[in-house]
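Dear colleague,

I am passing on the structure we talked about, and my notes on what was found in it follow below. Please read them with the model open beside you.

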Amino acid sequence: MTSGSHDSVPQLDTSVPHSARVWNYWLGGKDNFAADREAGERVRAVFPAIVDNARAQRAFLGRAIGFLAAECGVRQFLDLGTGLPTADNTHEIAQAVAPESRVVYVDNDPLVLVHARALLASSPEGATSYVDADVRDTETVLREAAKTLDLDQPVAIIMLGILGNIPDYDEARSIVADLVAAVPAGSYLVVNDGTNSSDEIAQGAQASTSAGGHAYALRTPAELTAYFDGLDLQDPGVVPTTRWRADDPGASLDGYAGVARKP
């Protein structure tokens, strides 16, 4: 794996929960701290389906990357808010189809940085790298990503569970627009996020915010669909996460997902 954008690891504050580590806890991982577990339990107490939603998002990642690599011929991936490495990471899925695939991961958690550098090893034919940056800083994200990716060739922009961390919807849409504008025709946008489709998930978002350090803004399905304005949505459109190109769709959960191509 090539190095990230910084050689030093930022200071790790274990007293404040971080979204990547809370998700790691929900997925049954061990790379989290007491503050993350406490925040995770506060959410799960009022929204028990959060664990199913987290697992559904991970399964969607596998289907989406497989679709892009195998059916669409995508060989470059920019995975924003990647979270902690677990099984079937983006580069593993893509490089199993096309070993020459190049993947850049972006996150701003020091623990993610340490694990990414240690575990996200590329195939010899391809490349992976890690950018330590906030998704709001699209200039830095794109500048550092360009050290590994050719931004004149199609790129799949992956944004799973990250846009809800941007409280202002207009800012979230602007971030997506800036990233999509920086890549050429034939690129793709992949989004999965929570929707305000039940009282339980709304209570979960409130609990997450009150726990500190992990505020999450829910959108309507229509607002999620608007991220894809100007792009060609791929079948089946923006749908519940469990129902996007799934052979055996599970119960409809509160997350929605979609994939679209830049014309």
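A residue is called buried here when its relative accessible area is under 20%, exposed when it is over 50%, and partly exposed in between, with a 1.4 Å probe and protein chains only. Helices (H or I, at least four residues) and strands (E, at least two) are DSSP runs, numbered from the N terminus. This is a predicted model, in which local features need pLDDT of at least 70 and side-chain atom pairs count only at pLDDT 80 or more, while totals for chains, interfaces and linings use all residues. Residues are numbered from 1 along each chain as its sequence is written, and side-chain values use heavy atoms, with hydrogens and water left out.

The protein chain has 9 helices and 8 strands, and 55% of its 263 residues count as buried. Its average pLDDT (the predictor's confidence in each residue, from 0 to 100) is 86, and 88% of the residues score at least 70. Some caution is due over residues 1-9, where pLDDT stays under 50.

In helix 1 (residues 19-26), 8 of the 8 residues are buried, and among them are Arg21 and Asn24 as well as Trp23 and Trp26. After this helix comes glycine 28, whose phi is positive, near 90 degrees.

The largest nonpolar core (a set of buried Ala, Val, Leu, Ile, Met, Phe, Trp, Tyr and Cys residues joined through side-chain atoms within 4.5 Å) holds 35 residues, of which Leu78, Leu80, Met159 and Leu189 touch the most other members. Several elements each supply at least two residues of this core, including strand 1 (76-80), helix 6 (138-145), strand 4 (156-160) and helix 7 (169-181); the most comes from helix 7, with 6 residues. There is also a second, separate core of 27 residues, which includes Leu61, Val74, Trp244 and Val259.

Leucine 179 lies in helix 7 and counts as buried because its relative accessible area is 1%. Leaving aside neighbours within four places in sequence, leucine 179 is in contact (heavy atoms within 4.5 Å) with Leu80, Thr138, Val141, Leu142, Ile157 and Met159. The C-alpha atoms of leucine 179 and threonine 138 are separated by 6.9 Å, although these residues are 41 residues apart along the chain.

For the chain as a whole, residues 24 or more positions apart account for 74% of the contacts with a separation of 6 or more.

With best wishes
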